[in-house]
Amino acid sequence: AARRDQQAERGGARGEAAAAEERLAALRAAAGVDDDAALAEAEERSARAAALRTELARLAGEIAQVGGGDVDAVAAEVAGLDADALPARLEALGAEAAQRRAERDARLQELTRARDELERLERSEEAAQAAQQAAGLLAEVRDLAERYGRARLAQKVLRDAIERYRRDHEGPMLRRANELFPALTCDRFSGLVTELDEHDTWVLVAVTADGQRRRVDELSDGTREQLFLALRLAAIERYVAASGAVPVVFDDVLLESDDPRARRILAALADLASQTQVLVLTHHRHLVALARDTVAADRLDVVDLDAPAAPAAATEPEAAPEPAPEEASEPAQADAPEPAPSLAEELDRITPGEQGALL
C-alpha cells in the first residue's frame, strides 16, 4: 500500500515537473536563451533593470522638485558644462546666495522696525488725532460729493430745459435751416442744434443721422459749405417774405458738393426761385447738365456768358414804310423801341457798388 502511494506521488511529481519544464521552456524562449543557467542570468539582469528604472524615476522626481525641468534637458545642459569652470561658478553662486540672504535679512529687519513704528503710532495720541481728522475729512468729502452731484444734476436738468425751450421756440430762420440742412446733405445729418461750449457760449452744432454731434470746425469743407448755404437760404427766404422779392446771385455755390448733393442744392434753389429771381454763376459745364436734369425746363434759363451776343439788327423790328410824298412835311415818327438787353449785357453794365446792392 505504501508503494502504491509512493508511485501515485511520483506520477503527480512527474506531471508537475513536466508542467514546470514547459514553463521554463517558454521563459527560455521569451528570454532568448538555451539553458536554465542563462535564464537565471537573464532574470538577474531584468531585476537589476527594474531597480535602475525605479531609481531613475526617483531621481527624475527630485530633479523636477528642485526646478531642473525635464531629465533629458538637464542631461544635455550638464553635458555642455565645462568641468574646470564649475568650481568658480559654484563659488560665484554661493556668493550671490549669501548676498541675497543678507538682503532678505535686511528687509526683514526693516519690516520689523516698520511694524514696531506702526504699533507705536497707533498707540500714540497723534494717531488718534490723525484718525479723527481723517474721519472729519471723509465726512466733508462725502458732503461735497453729494453737493457736487446735486449741482451737476441741476445743471443737466437746467440745460435740458433750456435746450427744450430753444427747440420749441427757436427762430424761424433756424427752423427753416433745420429743414434745409438734412436735404442738402442727402440726409447724412438730421438737423442743427445750439449748445454751450466750454466757455459757456452758445455755438451751432450739426447732428448726424446716428445722433453724433459735430461742431462746425469738425465738419468737412463740403458739409460746412452746405450748412452755411442752408442758413443763407433761410435768411434770404425770411428777408423776401418780410421785404419783398430781390434778385439773388450765387457764385460757384456748388463747388464743394458732389453730384447727389449738387442736385439737392439745385432743387432748393429752384424752390427759392418760386419766391424771387435766383441767378447761379458757375464755370463748370457739367453743373448745367445737372441743373437741366433737376429743375423743370419752364423754371430754368441757361445763359452762356461766353457766347457772342446776337447782332442788334437781328432783333430790331422791320423798318416802317417811307411816308407818302404828301406826308413828307409831317414830323418823323418816333424811333422804334430798342430790344431788351440780354442777361450778359445787364451784368456787364452793373457797377461794383450796384453789384454789392444786388448781392
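This section walks through the fold, the helix packing, the nonpolar core and a few individual residues of the protein.

The model is a predicted one. Overall, the protein has 12 helices and five strands. Of its 359 residues, 17% are buried. The exposed surface comes to about 26,900 Å², and 54% of that is supplied by carbon and sulfur atoms. As for how the chain meets itself, take the contacts between residues at least 6 apart in sequence: 52% of these join residues at least 24 apart.

Helix packing comes next. Two packed helices are described by the angle between their axes and the distance between the axes. For helix H6 (residues 172–184) and helix H8 (residues 259–273), the axes come within 8 Å and the crossing angle is roughly 145°. On the H6 side the contact is made by Leu 180, Pro 182, Ala 183 and Leu 184, while H8 brings in Arg 261, Arg 264, Ile 265 and Ala 268. Sorted by class, that makes six nonpolar residues, two charged ones and no polar ones.

H6 and H8 turn up again in the largest nonpolar core, which counts 32 residues. The members that touch the most others are Phe 181, Leu 192, Leu 229, Leu 233, Phe 250, Leu 254 and Leu 269. Besides H6 and H8, the elements giving two or more residues to this core are strand E1 (189–196), helix H7 (221–243), strand E4 (248–251) and helix H9 (285–294). Leu 229 gives a feel for the contacts involved: leaving aside residues up to four places away in sequence, Leu 229 touches Leu 184, Phe 250, Val 253 and Ile 265. Two of these, Leu 184 and Ile 265, also take part in the contact of H6 with H8.

Phe 181 deserves a second look, this time for its ring. The structure holds one aromatic pair, formed by Phe 181 and Phe 189. A pair of aromatic rings is described by the distance of the centres and the angle of the planes. Here the centres are 5.3 Å apart and the planes sit at 45°, so the pair counts as tilted, a label kept for angles that are neither under 30 degrees nor over 60. Phe 181 counts as buried because its relative accessibility is 0%, with the cut-off set at under 20%. Phe 189 is buried too, at a relative accessible area of 5%.

Moving on to H8 and H7, Leu 272 lies in helix H8 and counts as buried, its relative accessibility being 0%. Setting aside residues up to four places away in sequence, Leu 272 touches Leu 233, Ile 236, Glu 237, Phe 250 and Val 278. With Leu 233, the C-alpha atoms are separated by 7.8 Å, although the two residues are 39 apart along the chain. Glu 237, another of the residues touched by Leu 272, is placed in helix H7. Glu 237 is a charged residue, yet at 11% relative accessibility it counts as buried. Apart from residues up to four places away in sequence, Glu 237 touches Arg 176, Leu 272 and Gln 275.

Asp 304, finally, is found in the loop between H9 and helix H10 (312–315). Asp 304 counts as partly exposed, because its relative accessibility of 35% lies between the cut-offs of 20% and 50%. From Asp 304 to His 283 the C-alpha to C-alpha distance is 9.7 Å, with their positions 21 residues apart in sequence.

Methods
Residues are numbered from 1 along each chain as its sequence is written. This is a predicted model: local features need pLDDT of at least 70, side-chain atom pairs count only at pLDDT 80 or more; totals for chains, interfaces and linings use all residues. Side-chain values use heavy atoms; hydrogens and water are left out. Helices (H or I, at least four residues) and strands (E, at least two) are DSSP runs, numbered from the N terminus. Buried means under 20% relative accessible area, exposed over 50%, partly exposed in between (1.4 Å probe, protein chains only). Contact means heavy atoms within 4.5 Å. Accessible areas come from the Shrake-Rupley method with a 1.4 Å probe; for residues, only the protein chains shown count as cover. Axes are lines fitted to C-alpha atoms, for helices over the stretch in contact, and angles run from 0 to 180 degrees between N-to-C directions. A nonpolar core is a set of buried Ala, Val, Leu, Ile, Met, Phe, Trp, Tyr and Cys residues joined through side-chain atoms within 4.5 Å. Rings of Phe, Tyr and Trp (its six-membered ring) pair if their centres lie within 6.5 Å; planes under 30 degrees apart count as stacked, over 60 as edge-to-face and the rest as tilted.
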